[in-house]
Amino acid sequence: MSIDLGMPQAGAPQSAPKSPDRSVRPALAQDAPQIARIQAASLKRLFGANAQVDEQVLAQQWATTLTAPAPAGCFTLVALHANAVAGYALVVPADDFTAGDGSAITGSSLIAEMDVDESFRRSGHASRLVQACVDVSRATALSTWIDSRDEARIRFFTSCGFGPAGLRRTFPDMPDVVQHLWWTLAQTSDE
């Protein structure tokens, strides 16, 4: 008689350990606290650890946003690492613009916000979010505003094929913040 203890026998093939599911889906109202947590951490990195960021207020704003019908062309997506929300992206229709090379860019979408929890960085979540933004928006081009001091974000979006559009914006109440528009022609994953 033998007892199976679930242990592989000598010479039996062993399967590789399963890695957590990594995917992107539309955000749900119950994702609001996790999105707010990621957004709050991002704002504190951008504006300093002493920045006045109320995570509860952000969570309530996200809950309101995620329970209301989304305007045409607006999408909120979350990246999942197993069952944990690892990141999020907010995509909205973009204004038409003329790139620095004189190209007229129309019918594009803007990644208005995108961030990945520091615990889940370097796991491919940001790349999956960008591709999902392209896929759901069906836009001809994708753009995003990037702070001129954010070298990590510049490197990431450059690796995704984005380049500077030759446009910048400043904010009267935040004189140290200068953002540049980065863009790329969009190609959906089913093309």
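**Exposed turns, buried strands and two pockets**

Arg138 counts as exposed, at 53% relative accessibility. In this predicted model, Arg138 sits in the loop between H3 and E7. The phi of Arg138 is positive, near 55°, although the residue is not glycine. Most residues other than glycine have a negative phi. Ala82 also has a positive phi, of about 60°, and is likewise not a glycine. Ala82 belongs to the loop between E2 and E3. With a relative accessibility of 34%, Ala82 is classed as partly exposed. The cut-off for exposed is over 50%, so a residue at 34% falls below it.

The protein as a whole contains four helices and nine strands. Read from the N terminus, the order of elements is β-α-α-β-β-β-β-β-α-β-α-β-β. The protein has 191 residues, and 38% of them are buried. Contacts were also sorted by sequence separation. Of the contacts between residues at least 6 apart in sequence, 62% join residues at least 24 apart.

The order of elements ends with two strands. E8 and E9 are antiparallel and pair over six bridges. The connection from E8 to E9 is a hairpin of two residues. Within this pair, Pro164 stands opposite Trp182 of E9. Met174 is another residue of E9. Its relative accessible area is 27%, so Met174 is partly exposed. Met174 lies 127 residues from Phe47 in sequence. Their C-alpha atoms are 9.7 Å apart in space.

Thr144 is located in strand E7. It is buried, with 5% relative accessible area. Buried means under 20%, so Thr144 meets that cut-off. A polar atom of the Thr144 side chain lies 3.0 Å from the backbone oxygen of Ile111. Leaving out residues up to four places away in sequence, Thr144 touches Leu110, Ile111, Phe157, Phe162, His180, Leu181 and Trp182. Ile111 is therefore both a contact of Thr144 and the residue whose backbone oxygen lies 3.0 Å from the polar side-chain atom, with Thr144 itself buried at 5%. Trp182, the residue of E9 opposite Pro164, is also among the contacts of Thr144.

Ser108 is located in strand E6. Ser108 is buried too, with a relative accessible area of 5%. Beyond residues up to four places away in sequence, the contacts of Ser108 are Pro93, Ala94, Asp95, Phe97, Ala139, Thr140 and Ala141.

Two pockets were examined. The largest pocket holds about 1200 Å³ of space. Its lining comprises 38 residues. Met114, Asp115, Arg121, Asp150 and Arg153 lie nearest the centre of this pocket. Seven elements need naming here, each giving two or more residues to the lining: helix H1 (32-47), strand E6 (108-116), helix H3 (125-137), strand E7 (141-147), helix H4 (151-159), strand E8 (163-171) and strand E9 (174-185). E6 gives the most, with seven residues. E6 is the strand that holds Ser108, and E7 the strand that holds Thr144. By class, the lining of the largest pocket has 19 nonpolar, eight polar and 11 charged residues.

The second largest pocket has a volume of about 250 Å³. It is lined by 15 residues. Leu66, Ala70, Cys74, Phe75 and Thr76 are the closest to its centre. Helix H2 (55-67), strand E2 (75-81) and strand E3 (84-93) each contribute at least two residues to this lining. E2 gives the most, with three residues. The loop between E2 and E3 carries Ala82, described above. The lining of the second largest pocket divides into 13 nonpolar and two polar residues. No charged residue is found in that lining, whereas 11 charged residues occur in the lining of the largest pocket.

Conventions: Residues are numbered from 1 along each chain as its sequence is written. This is a predicted model: local features need pLDDT of at least 70, side-chain atom pairs count only at pLDDT 80 or more; totals for chains, interfaces and linings use all residues. Side-chain values use heavy atoms; hydrogens and water are left out. On a 1 Å grid over the protein atoms alone, a cavity is a set of points where a 1.4 Å probe fits but cannot get out, and a pocket is an open set with protein on both sides within 12 Å along at least five of seven lines; lining residues have an atom within 4 Å of a point. Grid points are joined across faces, edges and corners, and a volume is the space filled by probe spheres set on the points. Ala, Val, Leu, Ile, Met, Phe, Trp, Tyr, Cys and Pro count as nonpolar, Asp, Glu, Lys and Arg as charged, and the others, Gly among them, as polar. Buried means under 20% relative accessible area, exposed over 50%, partly exposed in between (1.4 Å probe, protein chains only). A polar contact is a pair of N or O atoms within 3.5 Å; within protein, one must be able to donate a hydrogen and the other to accept it, and residues adjacent in sequence count only if both atoms are side-chain atoms. Contact means heavy atoms within 4.5 Å. Two strands pair if DSSP finds at least two bridges between them.
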